[in-house]
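Please examine the sequence and the structure shown below. The paragraphs that follow consider how two of the chains meet, how they are related, and what lies in the interior.

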There are 4 protein chains.
Amino acid sequence: MPDRIPVAVLGATGAVGQRFVQLLEHHPWFRVAALAASQRRAGQRYADACRWALDGDMPPSVRDLALRPATAEALGCPLAFSALPSDVAGALEEDLARGGVVVSSNAASHRMDPDVPILIPEINAAHLALLDAQRRGRGWTGLIVTTANCASAPLAIVLQPLSDAFGVRHVHVVTLQALSGAGYPGLAALDMVDNILPYVAGEEAKLEREPRRILGRVVGTEVQPAALVISAQCNRVAVRNGHTACLTIGLERRAAAEAVIETLQGYRSQVAGLGLPSAPQPLIVVRREDDRPQPRRDRDAGGGMAVTVGRIQPCAVNDIKMVVLAHNTVRGAAGGAILNAELLAAEGYLEGWR
Amino acid sequence: MPDRIPVAVLGATGAVGQRFVQLLEHHPWFRVAALAASQRRAGQRYADACRWALDGDMPPSVRDLALRPATAEALGCPLAFSALPSDVAGALEEDLARGGVVVSSNAASHRMDPDVPILIPEINAAHLALLDAQRRGRGWTGLIVTTANCASAPLAIVLQPLSDAFGVRHVHVVTLQALSGAGYPGLAALDMVDNILPYVAGEEAKLEREPRRILGRVVGTEVQPAALVISAQCNRVAVRNGHTACLTIGLERRAAAEAVIETLQGYRSQVAGLGLPSAPQPLIVVRREDDRPQPRRDRDAGGGMAVTVGRIQPCAVNDIKMVVLAHNTVRGAAGGAILNAELLAAEGYLEGWR
Amino acid sequence: MPDRIPVAVLGATGAVGQRFVQLLEHHPWFRVAALAASQRRAGQRYADACRWALDGDMPPSVRDLALRPATAEALGCPLAFSALPSDVAGALEEDLARGGVVVSSNAASHRMDPDVPILIPEINAAHLALLDAQRRGRGWTGLIVTTANCASAPLAIVLQPLSDAFGVRHVHVVTLQALSGAGYPGLAALDMVDNILPYVAGEEAKLEREPRRILGRVVGTEVQPAALVISAQCNRVAVRNGHTACLTIGLERRAAAEAVIETLQGYRSQVAGLGLPSAPQPLIVVRREDDRPQPRRDRDAGGGMAVTVGRIQPCAVNDIKMVVLAHNTVRGAAGGAILNAELLAAEGYLEGWR
Amino acid sequence: MPDRIPVAVLGATGAVGQRFVQLLEHHPWFRVAALAASQRRAGQRYADACRWALDGDMPPSVRDLALRPATAEALGCPLAFSALPSDVAGALEEDLARGGVVVSSNAASHRMDPDVPILIPEINAAHLALLDAQRRGRGWTGLIVTTANCASAPLAIVLQPLSDAFGVRHVHVVTLQALSGAGYPGLAALDMVDNILPYVAGEEAKLEREPRRILGRVVGTEVQPAALVISAQCNRVAVRNGHTACLTIGLERRAAAEAVIETLQGYRSQVAGLGLPSAPQPLIVVRREDDRPQPRRDRDAGGGMAVTVGRIQPCAVNDIKMVVLAHNTVRGAAGGAILNAELLAAEGYLEGWR
């Protein structure tokens with residue numbers, strides 16, 4: 001792989017930053033060439049600056065990289081993955097895009113900018129159309145695309161085929177979210193032993209807003225949000241990885257459970273023909289056992305990029321209910337951002353490099 | 001307390017049976033005089049036959065009791081608490097009632113019998129009216145009352161005041177249920193470390209059916225179920241005690257969150273004046289913190305008999321959403337059955353004894 | 001209780017500070033009159049400044065207390081309990097003692113000062129003899145006594161009777177320590193799910209040093225440490241409260257397991273006649289079941305102040321092995337410091353007040 | 001791989017049986033051709049009879065295999081892996097060996113038979129010498145070899161190099177054992193939340209006995225046990241996989257920590273040249289970080305077949321102390337038995353097949 005594209009990881013010492021580093025270790029198109037973290041750590045060796053929190057050990061190839069400042073010049077890469085905290089991501093990512101860098105971000109800062117797509121290639125690849133307006137409007141030679149929030153992503157993925165087939169009027173979603181969604185160190189062990197927390201700061205608002213934009217249609221230079229209404233209640237549970245969501249859905253056109261199952265299983269990804277390395281086959285895994293999906297058994301389906309759906313049943317209040325599970329730091333964060341960059345590469349946004 | 005009523009506990013070695021024994025240890029009206037378990041254990045010392053699974057130690061006063069057969073004669077008590085498994089509870093409880101015993105049961109066997117009340121004194125004391133028909137129709141000198149399922153009880157308790165004040169059209173409920181709900185040994189530790197289960201066998205059907213009967217009105221010799229529609233999704237989490245439920249509720253008459261809070265806080269128990277020892281004051285505790293209720297912090301409110309409600313917010317899909325928590329083996333099982341017996345004693349069903 | 005002694009709690013917002021507040025709520029001799037935390041919080045309401053981490057709710061009586069600076073004048077109490085972090089406890093506690101305050105400290109700062117006793121009333125009340133030298137030598141009208149480290153305390157308590165009866169040559173101890181020993185927030189939940197940590201910073205050195213001093217003899221104005229040798233390996237486990245320790249002990253005079261059991265059960269506390277409210281009866285609980293002690297079942301023995309010992313067996317390498325358990329934030333921290341203050345009160349060190 | 005040896009797995013539905021199936025899925029020398037479980041399940045489809053308890057899904061290649069009776073004829077394989085429970089393994093394994101089958105067993109039944117080796121290829125390959133006597137003495141055409149107990153195996157692996165280099169007089173070992181060591185379902189979740197158990201039935205005796213035999217020398221037709229003395233205290237912790245052991249070791253010749261580290265790192269496996277597929281490189285991984293080994297981070301070292309050692313320090317009571325970790329169902333069970341079979345294949349005991 002002599003010509004893999006050199007990429008930078010911003011916020012490389014955090015939980016999602018580490019996941020980027022791990023997932024990119026053997027990536028066929030990209031190789032980690034630069035790492036950045038907070039300003040005060042610039043110059044430090046990655047192995048010294050980062051307390052590795054994932055299973056296994058830090059990849060040897062990055063241990064000796066010196067942390068760089070997060071500027072286009074210092075990074076020297078055409079592509080950057082951002083795992084920056086929201087309070088600094090906003091300005092930093094803009095500076096990079098202005099400096100010519102393609103930024104695939106996991107931060108929430110720009111998700112609601114009208115000219116920035118929340119991209120999930122399998123279901124809304126057409127939102128790339130916003131990028132022309134973004135570059136023209138901002139005068140950037142680089143660009144910014146973002147992932148959905150870790151709980152919004154699987155929700156949107158499941159709603160897209162249902163929306164196509166039956167129309168979705170409204171969704172009530174109750175989540176049981178994993179610890180890693182709060183970063184590292186995140187939650188205190190003392191709070192999570194023999195306990196759950198019925199609260200994830202800011203999450204319910206994101207879940208009620210983001211999927212509508214993701215499922216929307218590009219009209220001119222903006223996204224017209226989908227018409228569905230979402231209500232969310234978010235809980236934290238003592239699971240390391242894997243967000244579970246219990247959904248009840250009101251459809252435009254009634255559908256039997258079996259028709260819903262077939263629709264989800266038969267969904268054809270919008271990037272099916274592109275050979276994107278991180279796109280799972282299939283995108284949606286339907287389980288028919290009573291007690292699935294379970295975070296520990298199903299979060300790694302499709303290399304952590306698939307969404308697993310189970311317990312699809314008629315609902316006495318709405319039309320259909322189901323349980324949805326996805327890996328929150330792979331599909332819902334680093335893996336999703338890598339897939340977004342793969343789509344950008346495939347569509348020519350990294351020309352000269354690929 | 002020289003004249004406490006002697007009571008029997010059936011299924012005394014199981015998780016709920018132990019909770020009965022624990023809660024009755026210092027009860028002002030009742031004293032444990034007889035214990036029964038499965039036939040093959042009759043004659044064994046309780047301390048030998050029972051692996052104590054609750055915190056603390058087995059009460060010294062019961063350690064040396066010999067397990068008896070579960071017949072009215074052998075037990076010799078006017079009142080029996082049943083923690084029997086459903087497959088044997090049905091016939092055994094009937095035999096006892098026929099033999100003159102007042103049976104306060106936690107088993108599901110008779111919950112749906114038209115002449116057996118699912119009793120929650122604070123909200124449906126009027127269902128005692130079924131007992132006349134029960135005794136006449138069955139020719140019993142004793143009687144049977146039952147508790148609600150451990151997850152149904154707090155749901156019904158919260159719906160009653162809302163129903164009175166605003167009318168309830170439908171409820172969607174997602175539970176995060178504690179391990180003790182499955183008895184002991186119950187769930188395997190290997191399944192619950194770093195995991196949740198999206199399934200509790202038989203529970204969703206109970207939750208969709210029982211509260212309608214509990215909230216119903218006695219018409220003649222039957223209960224006319226409440227008109228509301230319930231849909232449930234049940235999950236198991238690695239919490240020892242305390243079922244959490246996320247509710248979204250469609251009301252007949254719209255209500256602001258603050259009005260709902262006031263309604264719940266202001267609810268007046270139907271047994272408020274009777275001085276029942278296990279009735280909590282207040283019945284419903286409303287928490288306004290973002291991150292409450294939590295199982296470990298709130299399950300013991302009101303000695304485990306109160307229901308704690310939090311995160312009361314408007315719902316984009318329905319009218320109001322909230323999180324409800326109660327101790328599943330106290331309010332939702334043994335404590336509820338003891339309170340039922342207290343009501344029976346106060347209302348004269350144990351005459352001669354009190 | 002009109003004449004309870006007004007006491008201050010220093011470091012009141014931390015995990016051990018909260019435990020002081022909780023344990024003192026209904027104390028017959030002491031009442032919480034002043035709370036102090038870090039300088040920048042002075043003036044804040046306790047309920048606002050403190051995120052309550054214990055079960056149940058913050059005692060209503062302290063919710064509205066304003067946090068004070070930690071000076072003798074500002075506190076205005078003859079007795080102060082210190083839950084200060086070690087980096088500030090040293091100087092602050094000295095200032096208070098100089099200002100006339102009796103300081104019962106849980107901090108490690110002064111534990112190794114030659115004139116400061118590490119006090120465990122039941123086993124080394126005679127170490128009070130150091131206080132004369134302390135006051136004379138330092139010119140203080142107040143004084144400082146300290147508790148042992150949370151893992152050292154139960155170790156010393158068990159070794160004292162064995163030392164009296166058989167002589168102890170050496171001890172190897174392996175601990176399984178609870179999360180609360182690291183304070184709040186302490187350990188990350190992500191590190192403790194499906195995991196243990198084989199390391200507790202600084203703990204092994206304390207365990208190898210402190211018990212020797214606690215078990216030592218006062219000679220003149222100093223403690224001559226006991227001759228025994230201790231080796232420790234410390235682990236952290238996902239238990240909220242209750243440190244477990246596996247001990248193997250080399251004795252001077254061989255002893256059968258039964259003799260060891262009798263010795264531990266028959267130990268007579270050195271403060272048995274003083275009526276100290278927090279002194280448990282018995283001090284040492286011996287369990288003969290195969291699978292005890294367990295943290296969750298045994299940590300609350302004696303109100304959290306007893307030490308539970310089990311699995312007492314002959315050891316193929318040394319003489320005897322056993323498992324020891326105690327509540328680390330009660331016996332091993334706040335409860336121990338309160339008991340120390342009770343001894344000081346009983347011995348006249350708070351004269352004028354009691 | 002057209003000529004892989006067909007193998008049977010006995011006790012295939014249990015926790016260790018499943019691990020055999022999982023580890024053999026892509027094995028270069030062996031392929032699963034027959035599965036057996038309890039008599040009453042014979043004929044059932046594996047996917048129907050077995051509740052898969054490992055991460056991921058059951059390998060597709062075995063889902064449709066019908067369970068067979070555990071006889072040489074019915075199995076039709078030259079090699080069988082036994083994960084049978086001890087109460088049935090004894091006679092069944094003998095019958096198979098009599099019938100010509102090479103049995104690599106994980107059961108304890110025959111471990112202490114004088115003519116059956118407890119085999120750990122890297123450290124006692126010479127114990128194969130017992131097999132001649134076994135076959136002659138019993139008149140078998142097949143044979144039986146066994147693995148060590150899951151906690152004994154890593155202990156013996158670490159003691160072998162230390163014994164070679166310094167001589168080992170005695171060892172005191174305290175274990176923190178994983179849930180999977182108790183099989184499935186095994187421990188109750190209710191017992192393991194916020195708790196540890198200071199007891200593993202029968203384990204301490206095995207740990208005190210087996211390593212002496214494993215480290216012994218074959219003299220004539222028997223193993224002369226190593227002279228070292230072992231004392232064990234065994235605990236169960238809420239970890240899914242990975243037994244941790246805290247060791248303190250008395251050596252014949254004193255050794256600095258650094259010399260011990262070098263000895264462990266430099267140990268040369270006795271089967272280093274044989275190319276056994278499951279033999280890890282290196283066998284012993286030494287970690288120098290303060291907080292390693294940890295079960296979750298280190299159990300999968302060397303594909304679960306390596307032993308990780310950390311916290312190597314001088315001991316005040318003995319000579320050296322350390323923490324040892326290995327995967328209990330891979331190195332300590334199924335993986336170990338597969339490695340044993342690989343050695344047998346390499347040494348010609350499966351002639352005609354390889």
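**The contact between chains A and B**

In this predicted model, 36 residues of chain A are in contact with 36 residues of chain B. On the side of chain A that touches chain B, at least two residues each come from strand S6 (168-177), strand S9 (229-236), strand S10 (243-251), helix H12 (295-298), strand S12 (307-314) and strand S13 (320-326) of chain A. The greatest contribution to this side is that of S9(A), which gives five residues. Sorted by class, the side of chain A that touches chain B comprises 18 nonpolar, ten polar and eight charged residues.

The relation between the two chains may be considered next. A turn of 180° with a shift of 0.0 Å along the axis lays chain A on chain B with an RMSD of 0.0 Å. The relation is therefore that of a two-fold axis. Both copies use the same surface, as 100% of the contact residues of chain A recur in chain B.

From the contact surface, attention may turn to the interior. The largest nonpolar core holds 495 residues, and those that touch the most other members are A:Ala80, B:Ala80, C:Ala80 and D:Ala80. Which residues is A:Ala80 in contact with, leaving aside its neighbours within four places in sequence? They are A:Val7, A:Ala8, A:Leu10, A:Leu75, A:Leu96, A:Val101 and A:Val103.

Finally, the confidence of the prediction should be stated. Chain A has an average pLDDT of 96, and 99% of the residues score at least 70. For the model, the ipTM is 0.96 and the pTM is 0.97.

Key: Residues are numbered from 1 along each chain as its sequence is written. Chains are lettered from A and ligands numbered from 1 in the order in which they are written. This is a predicted model: local features need pLDDT of at least 70, side-chain atom pairs count only at pLDDT 80 or more; totals for chains, interfaces and linings use all residues. Two residues are in contact if their C-beta atoms, placed from the backbone, lie within 7 Å. Helices (H or I, at least four residues) and strands (E, at least two) are DSSP runs, numbered from the N terminus. Ala, Val, Leu, Ile, Met, Phe, Trp, Tyr, Cys and Pro count as nonpolar, Asp, Glu, Lys and Arg as charged, and the others, Gly among them, as polar. Copies are superposed by least squares on the C-alpha atoms of residues with pLDDT of at least 70 in both. pLDDT is the predictor's confidence in each residue, from 0 to 100. A nonpolar core is a set of buried Ala, Val, Leu, Ile, Met, Phe, Trp, Tyr and Cys residues joined through C-beta atoms within 7 Å. A residue is buried if 20 or more other C-beta atoms lie within 10 Å of its own, exposed if 12 or fewer, and partly exposed in between; C-beta atoms are placed from the backbone.
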